[in-house]
Amino acid sequence: MAPTKEAVLKALGTVQEPDLGQDLVTLNMIRNLEVSGDKVSFTVMLTTPACPLKGKIEADCRNALKSIEGIGSVEVKMDSDVPNDGRMRGLVETPIRNAIAIGSGKGGVGKSTVSVNVAVALAKSGARVGLMDADIYGPNTPTMLGVEKLPPPNGPRIIPAEAYGVKMVSMGLLVKPGQPLIWRGPMLNSAIRQFLGDVEWGELDYLIVDLPPGTGDAALSLAQALPLSGAVVVTLPQLVSLEDAGRGLNMFKTLEVPILGVVENMSFLEMPDGSKMDLFGSGGGEELAKATESTFLGQIPIDPNVRIGGDTGKPIVDAYPESPVAKALTEIAQKIAQKSSVAALGTNNTLPINIVE
Ligand code: ADP
C-alpha cells in the first residue's frame with residue numbers, strides 16, 4: 001500500500017522544532033509535500049539558513065517516516081525564510097529583517113573580530129548579511145575585511161562595499177584618511193540615520209552592527225537611533241571586564257533591546273600538548289550570563305591567526321574554517337541567528353511561515 005499525504009503529515013507531526021517547542025506541521029514548516037507511489041518529497045522551511053539543528057531536524061524527519069508502511073525513497077530539502085522582526089517594521093525603509101548589535105563594556109576585547117566573523121559565517125550559511133561598522137573610536141572592520149573604499153555612490157545613495165559575501169559600510173570609509181573622527185551626539189544620530197536610510201543595503205536577513213565600546217554617549221545614542229532586534233555582548237574572562245560588560249548589558253536592558261547572549265573572547269590558549277591555559281582568568285562570561293539571566297553563547301580561544309587575519313583582511317572563519325576558533329565563531333553565529341529568529345517570531349502575531357496547503 002502506497003503511503004498517503006495524511007500519513008506522512010501525521011508522522012512529521014511528531015518531529016519537534018526544539019527551539020520553538022512545537023512540531024514542524026503545527027509550525028507550518030513543511031512545504032511542497034508530494035507523494036508519488038512510494039516516493040515522498042518535501043521541503044523543511046527553517047527560520048534561518050544558519051540553523052545549528054539542520055542536520056538533526058532532517059534526521060528526525062527521516063526517522064519519523066520510517067514507521068510508515070510502504071514508504072520508499074524520501075527526499076528532504078532544507079530551505080529557510082528568516083522571520084522579520086516586528087519592531088523593525090515601519091521604522092526603516094530598507095527591508096532589513098533583523099538588526100543585531102554587537103557591543104562590549106570596553107575596547108580591545110574582540111568586538112569587531114566577533115562582528116566581522118559572525119557576519120561572514122552567516123553569509124557562508126546562505127543568509128543575506130550586512131555589516132555596519134558604527135565603532136567611531138576604532139572603525140577597523142574595513143581592514144579586517146580587506147576593504148579600502150566604498151564603490152562610487154549612486155546619486156545620493158551610498159553603495160556598500162562587498163567582501164566575503166557581506167555588504168559593509170564603515171564610519172571609517174566615510175571620512176578622509178587622517179581626518180579625526182570626532183562625533184558629537186546630534187552628528188552621530190544623523191550619521192546613523194543616514195547609514196540606515198541612505199545605504200542601498202537591498203534586502204537583508206541580518207544587519208550586524210559593530211557598536212562603539214562602553215556605555216557612553218556614543219554607544220547609547222547609536223543604540224537608541226537604531227531599531228535593534230537584539231544585542232550580543234562580548235567580554236573577556238576576567239572580572240574587571242565583566243563589570244564593564246555588565247554595564248553594557250544593562251544599557252541594552254534599559255533600552256528594551258532583547259539580549260541574545262554573552263560571548264567570552266580570548267578564553268584560553270591551547271598548548272601544544274592539548275591542555276588549555278587560561279591567560280585572563282576563566283569562566284567569567286558564563287557567570288555573567290547566569291547573573292544577568294541571559295544565554296552564554298560560547299567561548300572563543302586565543303589564536304594568533306585571528307590577529308593576523310584581522311590585519312590582512314582575511315577573516316578566520318574563511319581562512320581557517322576548521323580551526324577551533326573558526327568553529328567556535330561559527331557556532332556562535334548559528335546561536336545568534338537561531339535566537340534572533342525565535343525573538344523575531346515573538347514580535348509577530350502570526351507565524352511567518354505559510355500554511356500547508
Ligand atoms: P574591539 O573591537 O573590541 O576593540 P578587536 O576585535 O579590534 O577588539 O580586537 C582587538 C585585537 O585583538 C585585534 O588585534 C584582534 O585581531 C585581536 N583578537 C581578538 N580576538 C582574538 C583571539 N581570539 N585571538 C587572538 N587575537 C584576537
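**A guided look at the sheet, helix α3 and the cores**

Visitor: In what order do the three strands of the open sheet come?
Guide: Welcome! In this predicted model, three strands form an open sheet with mixed pairing. Its edge strands are β3 (30–36) and β5 (74–80), each pairing on one side only. The twist averages 10° from one strand to the next. The order is β3-β4-β5.

Visitor: How many bridges join β3 to β4?
Guide: Strand β4 covers residues 39–46 and runs antiparallel to β3. One of the bridge pairs links Ser36 with Lys39 of β4. The number of bridges joining β3 to β4 is five.

Visitor: Which helix packs on the sheet, touching β3 and β4?
Guide: The direction of this helix makes about 135° with that of β3. The helix spans residues 5–12, and its name is α1.

Visitor: Moving on to α3, how far apart are its end C-alpha atoms?
Guide: Helix α3 has 14 residues, 111–124. At 1.5 Å a residue, the helix should span 20 Å, and the model agrees with that expectation. The end C-alpha atoms are apart by 20 Å.

Visitor: How many of the residues of α3 are buried?
Guide: Buried here means under 20% relative accessible area. By that cut-off α3 is mostly covered, and of its 14 residues the buried ones number 13.

Visitor: Which residue, with a positive phi, follows α3?
Guide: Its phi lies near 110°. The residue that follows α3 is Gly126.

Visitor: Which element gives the most to the largest nonpolar core?
Guide: That core has 80 residues. Those with the most contacts inside it are Leu122, Leu207, Ile208, Leu228 and Phe252. The element that gives the most supplies eight residues, and it is α3.

Visitor: How many residues are in the second, separate core?
Guide: Leu27, Met29, Cys61 and Ala64 are among its members. The core is separate from the largest one, and its residue count is 21.

Visitor: Back in the largest core, which tryptophan is in contact with Leu207?
Guide: Let's leave aside neighbours within four places in sequence. The partners of Leu207 then include Ile96, Ile100, Leu131, Met132 and Leu196. The tryptophan in contact with Leu207 is Trp201.

Visitor: And for the whole chain, what share of contacts between residues at least 6 apart joins residues at least 24 apart?
Guide: The protein chain has 12 helices and 14 strands, and buried residues make up 50% of its 357 residues. Among contacts between residues at least 6 apart in sequence, the share joining residues at least 24 apart is 73%.

Key
Residues numbered from 1 in each chain as written. Predicted model: local features only at pLDDT ≥ 70, side-chain atom pairs only at ≥ 80, totals over all residues. Heavy atoms only, no water. Helix = DSSP H or I, 4+ residues; strand = E, 2+ residues; numbered from the N terminus. Expected span 1.5 Å × (residues − 1). Buried < 20%, exposed > 50% of the residue type's maximum accessible area, 1.4 Å probe, protein only. Contact = heavy atoms within 4.5 Å. Pairing = 2+ DSSP bridges. Axes fitted to C-alpha atoms, helices over the stretch in contact; angles between N-to-C directions. Core = buried A, V, L, I, M, F, W, Y, C linked by side-chain atoms within 4.5 Å.
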